[in-house]
Amino acid sequence: MTACRNCGKKLTGDEIALHKRMIGRGENTFMCLPCLAEFFGCTEELLYKKIEHFKKSGCLLFCDAEK
Ligand SMILES: [Zn+2]
């Protein structure tokens with residue numbers, strides 16, 4: 001199981017993919033969506049929209065996350 005490096009919450013594939021997409025593929029510890037929102041100083045809603053956007057644009061990170 002992969003957990004958020006900030007709060008220890010169990011991460012979803014989408015959250016890991018978003019972290020990789022927003023921060024970098026080379027990372028091997030990740031943050032959950034609420035912690036990412038705090039890190040970027042944006043709303044969680046905006047990050048959900050970004051996940052949708054990346055999925056629609058066929059980002060390979062998200063395709064991998066769904067397998
Ligand atoms: Zn967290």
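Let me begin with the cysteines: when the whole structure is searched, zero disulfides are found, and I should say at once that what we are looking at is a predicted model. C42 is in no disulfide, and the nearest cysteine sulfur to it, which belongs to C35, is 12 Å away, whereas a disulfide would need the two sulfur atoms within 2.5 Å. C42 has 22% relative accessibility and therefore counts as partly exposed. C4, by contrast, is at 4% relative accessibility, so C4 counts as buried.

C4 also leads us into the interior. The largest nonpolar core has 18 residues, and those with the most contacts inside this core are C4, L11, L18, L47 and F62. The elements that give two or more residues to the core are α1, α2, α3, which covers residues 44–56, and α4, which covers residues 60–66; of the contributions, that of α2 is the most, at four residues. As a general remark, in soluble globular proteins nonpolar side chains tend to be buried together.

Let me take two of those core residues in turn, beginning with L11. Leaving aside residues up to four places away in sequence, L11 touches T2, A3, C4, I16, F30, M31 and C32.

The other is L18, which is found in helix α1. Is L18 buried or exposed? Its relative accessibility is 0%, and therefore L18 counts as buried. Which residues does L18 touch, again not counting those up to four places away in sequence? They are L33, L36, L47, K50, I51, F54 and F62. L18 and N6, on the other hand, are 12 residues apart in sequence and lie 15 Å apart in space, C-alpha to C-alpha.

That brings me to helix α1 itself. The buried residues in α1 include E15, I16, A17, L18 and H19, and the helix is followed by G24, which has a positive phi, near 155°.

Finally, the packing of α1 against α2. Two packed helices are described by the angle between their axes and the distance between the axes. Here the axes of α1, residues 13–22, and α2, residues 33–40, come within 10 Å and cross at roughly 25°. Because angles under 35 degrees count as roughly parallel, α1 is roughly parallel to α2. On the α1 side the contact is made by E15, L18, H19 and M22, and on the α2 side by L33, P34, L36 and F40. Sorted by character, the residues of this contact between α1 and α2 are six nonpolar, one polar and one charged.

Note on methods:
Residues numbered from 1 in each chain as written. Predicted model: local features only at pLDDT ≥ 70, side-chain atom pairs only at ≥ 80, totals over all residues. Heavy atoms only, no water. Axes fitted to C-alpha atoms, helices over the stretch in contact; angles between N-to-C directions. Parallel < 35°, antiparallel > 145°, perpendicular 65-115°, else oblique. Contact = heavy atoms within 4.5 Å. Nonpolar A, V, L, I, M, F, W, Y, C, P; charged D, E, K, R; others polar. Buried < 20%, exposed > 50% of the residue type's maximum accessible area, 1.4 Å probe, protein only. Core = buried A, V, L, I, M, F, W, Y, C linked by side-chain atoms within 4.5 Å.
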